[in-house]
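Q: Please take a close look at the pockets of this model and at the helices around them. Keep it brisk.

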Amino acid sequence: MANVLAAFKANRTKIWVGAVTLLLVFYLVVSLQRSVLLLGDPNLVAKALGLAYLLLPIVGAWALVRELLFGARTERLAKILEAEGGLPEDTLPRTPAGRIIREAADAEFEKYRVEAEAAPEDWRSWFRLSCAYDAAGDRKRARAAMRDAVRLYRDGGNTGERPA
């Protein structure tokens, strides 16, 4: 029982992503079905609504695939950095509620910003910068920096070449 609980805790995020993905896929299938029904209606207004409604599952499926690929690629890079011992340590002080103290995250951020500026072609520095942005509460820039890390990894980069 303890092993099952430990495995659940270790994979909690993956389980949550899987559950949300299944719910979204269900919603997309129902939307697609409803759009087909509207397209089959003889009324022109219903056909127009069906055509417009058809865009929802298409855009939703594209966004879902994009986000799942982003997550998988991010996880792959994290495993590589972990194996190399290059993941940033989580030593930031926290509030009693568990939130990172913003001033400490901002101070730590500077170290990773300088590292990324010094090695702009190294995906590892962009990955660490993304973690620093996230700790500082800037999710938009964190995702942008992680996209840069993924792109540099895929391109091979100068100092961020893929391991053999």
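A: A pocket here is an open set of grid points with protein on both sides within 12 Å along at least five of seven lines. Its volume is the space filled by probe spheres set on those points. The model is predicted.

Start with the largest pocket. Its volume is about 470 Å³. The lining counts 17 residues, and Thr13, Lys14, Val17, Gly71 and Glu75 are the closest to the centre. Two elements, helix 2 and helix 3, give two or more residues each to this lining. Helix 2 provides the largest share, eight residues. By class, the lining of the largest pocket splits into nine nonpolar, four polar and four charged residues.

Now the helices behind that pocket. Helix 2 covers residues 12-39 and helix 3 covers residues 44-84. Their axes come within 8 Å and cross at roughly 160°. An angle over 145 degrees counts as roughly antiparallel, so helix 2 is roughly antiparallel to helix 3. The crossing of helix 2 and helix 3 is left-handed. Their contact has 18 nonpolar, five polar and four charged residues.

Next, the second largest pocket. It holds about 360 Å³ of space. Of its 15 lining residues, Thr74, Glu75, Ala78, Phe127 and Met146 are the closest to the centre. Glu75 is thus named for the largest pocket and again for the second largest. Helix 3, helix 5 and helix 6 (139-155) each supply at least two residues of this lining. Helix 3 gives the most, seven residues. The class split for the second largest pocket is seven nonpolar, three polar and five charged.

Helix 5 leads on to another helix pair. Helix 4 (residues 102-118) and helix 5 (residues 123-135) have axes that come within 9 Å and cross at roughly 160°. These two helices are therefore roughly antiparallel to each other. Their crossing is left-handed. On the helix 4 side, the contact is made by Ala105, Phe109, Tyr112, Arg113, Glu115 and Ala116. On the helix 5 side, Ser125, Trp126, Arg128, Leu129, Ala132, Tyr133 and Ala135 take part. By class, the contact of helix 4 with helix 5 has nine nonpolar residues, one polar and three charged.

To pull the parts together: helix 3 pairs with helix 2, gives two or more residues to the lining of the largest pocket, and gives the most to that of the second largest. Helix 5 pairs with helix 4 and supplies at least two residues to the second largest pocket's lining.

Notes: Residues numbered from 1 in each chain as written. Predicted model: local features only at pLDDT ≥ 70, side-chain atom pairs only at ≥ 80, totals over all residues. Heavy atoms only, no water. Axes fitted to C-alpha atoms, helices over the stretch in contact; angles between N-to-C directions. Helix = DSSP H or I, 4+ residues; strand = E, 2+ residues; numbered from the N terminus. Parallel < 35°, antiparallel > 145°, perpendicular 65-115°, else oblique. Left-handed = near helix turned anticlockwise from the far one by under 90°. Nonpolar A, V, L, I, M, F, W, Y, C, P; charged D, E, K, R; others polar. Contact = heavy atoms within 4.5 Å. 1 Å grid on protein atoms, 1.4 Å probe; cavity = no way out; pocket = protein on both sides within 12 Å on 5 of 7 lines; lining within 4 Å.
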